[in-house]
Amino acid sequence: MTALSMAARPFVRAWMSIASSTWHDIARPPARGLGHAPGADPLHVLMIGSGAVTGWGVLSHDLALPGHTARALSAALDRGAQVDVIVDSTVTAATAPKLISPINIEVYDAVVISLGMNDVFRMTTPRTWARHYSRLLADVQERCAHTTVFVTSVPPVPLMRSMTRVVHAILSRHRRILNARLAALCSREDTAHLLHIPEGTLSQPDRHRTPETYRVWGDAVAGQMVTVLQSKCVEARAEAAATVSERAAEKARLDALRRLGILDTPPEERFDRIVEYARSSFGADIAALSFIDEDRQWFKSRRGGREPGLMPRSGSFCDHAIRDSRPLIVDDATLHPVFRSSPYVTGDDGILFYAGHPISTPEGERVGTLCVMGSSPREFTEMESALLRDLALLLQKELWEWATDSSPATEPRG
């Protein structure tokens, strides 16, 4: 805080102690309410705090910021909008957690936090303001990972009854300082999107704020929210499309695997011979030809180690190996970020070394692997990787011939 602010602080607080006793005469809506715009699939927003969302000067939240924001959002997004509002006209950045903590904010599409006017009037130091706001945003972000969080800038200080121009100038200057800290906080921590309340909106001393002021604010706030929310919608649609694409790709892969008819067939020398050659060539404890079904890893051939027949797919090395056309090499599984905590690594006879190359169907669907594994870490050279690929392609050729020899069977043989 500057020397000027420190010197003005007692003067402003003395004025506050006198002026605040008259504020109960100023019109304002109830502490809880809503602004609503009809329409399908309504956007659900919570406005909470003080200052801009309080509604000083009007008797209904529909005429205040929540109502104007709801109508502007509805018009811009072509959908309904409901803006719930919870107000505490005395709340500060320090006390805001007590106001917000009982609210289930996860049920909202967006939350708008409005604080600062009380901190301006109290001449809260910028450092204290930023520290309390940072803690608040971190807590809110932790509680609502899927809710978009907005914060409003501190609105212009109204020229109220009994407020001298000197006091107004001091408070307006302090407001700009706190807003600068808030902008830096939002930019640095990326926990909330800052909504700028327009400058130059006038108040009337006998009304504090007017419906026209709230209309201007609502249009501005909604316009900034729409930019963020539409971007979020694009991201959500992209994620949904990716999920649908992944599901379609997995269905195609499973269909191709089942068309082969290889699942649950007995061991055969044509595959065992190549798998055993792989085990001996690499000096591995285990070598296997495995296929990844919907929720299991099934072994057509496995040489060395125990003969499990099948294993759960989830978390297996081979499940990861079929996700890429390149071989998966894990020299030391205890150091690998994906596998180091896997039960296949930490359990009895844990797998500490793995090298697997995918095997595809004639349609190009990766359905299985040739893999070699060991109970001790080891380095796998480029020459060994090339040999593993050649053996995998040899097994793939045998698989395609096997499928041709087994035609016209379309059902897995059991």
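## Exercises on a predicted model

D255 and K251 are joined by a salt bridge in which the closest N and O atoms lie 3.0 Å apart. The structure is a predicted model, and the exercises below start from this pair.

**Exercise 1.** Work out how D255 and K251 are placed relative to each other in helix 7, and decide whether each of the two is buried, partly exposed or exposed.

*Solution.* Begin with the positions along the chain: both residues belong to helix 7 (residues 211–260), and because they are four residues apart, about one helical turn separates them. Recall next that an α-helix has 3.6 residues a turn, so residues three or four places apart point the same way. Turn then to accessibility, where D255 has a relative accessible area of 29% and is therefore partly exposed, while K251, with 53% relative accessibility, counts as exposed.

**Exercise 2.** Examine the salt bridges formed by R378 and by D319, and find out which residues are joined into one network.

*Solution.* Take R378 to begin with: its partner is E384, and the closest N and O atoms of this pair are 2.5 Å apart. The burial of the two partners can be read from their relative accessibility, since R378 at 24% counts as partly exposed, whereas E384 at 19% counts as buried. A network appears when salt bridges share partners, and here they link E250, R253, R313, D319 and R323 into one. Within that network, the side chains of D319 and R313 meet at 2.8 Å, N to O, and both D319 and R313 are buried. The count for the structure comes to 26 salt bridges.

**Exercise 3.** Check whether the span of helix 11 agrees or disagrees with the value expected at 1.5 Å a residue, and do the check again for helix 6.

*Solution.* Helix 11 (residues 382–406) has 25 residues and should therefore span 36 Å, which agrees with the 36 Å between its end C-alpha atoms. Its buried residues include L388, L391, L395, L399 and W402, and E384, the salt-bridge partner of R378, is also one of them. Helix 6 (residues 165–189) likewise has 25 residues, and the 36 Å from its first C-alpha to its last is close to the expected 36 Å. Among the buried residues of helix 6 are L171, L178, L182, L185 and C186, and D190, which follows this helix, has a positive phi near 55°.

**Exercise 4.** Describe the order of the six strands in the sheet, and explain why one side of strand 1 and of strand 6 is left without a neighbour.

*Solution.* The six strands form an open sheet with mixed pairing, in the order 1-3-2-4-5-6. Strand 1 (32–37) and strand 6 (193–195) stand at the edges with a single partner strand each, so one side of each has no neighbour in the sheet. From one strand to the next, the twist averages 25°. The partner of strand 1 is strand 3 (residues 81–87), which runs antiparallel to it and is joined to it by six bridges; G33, for example, has V85 in strand 3 as its bridge partner. Helix 2 (residues 65–77) lies across strand 1, strand 2 (43–49) and strand 3, and runs at about 25° to strand 1.

**Exercise 5.** How many disulfides does a search of the whole structure find, and why is there no bond between C371 and C318?

*Solution.* The search finds zero disulfides. For C371, the closest cysteine sulfur is that of C318, and at 3.8 Å it is too far for a bond, the cut-off being 2.5 Å. C371 is buried, with a relative accessible area of 0%, and C186 is buried at 7%.

Definitions and conventions:
Residues numbered from 1 in each chain as written. Predicted model: local features only at pLDDT ≥ 70, side-chain atom pairs only at ≥ 80, totals over all residues. Heavy atoms only, no water. Pairing = 2+ DSSP bridges. Helix = DSSP H or I, 4+ residues; strand = E, 2+ residues; numbered from the N terminus. Axes fitted to C-alpha atoms, helices over the stretch in contact; angles between N-to-C directions. Contact = heavy atoms within 4.5 Å. Expected span 1.5 Å × (residues − 1). Buried < 20%, exposed > 50% of the residue type's maximum accessible area, 1.4 Å probe, protein only. Salt bridge = Lys/Arg side-chain N within 4 Å of Asp/Glu carboxyl O.
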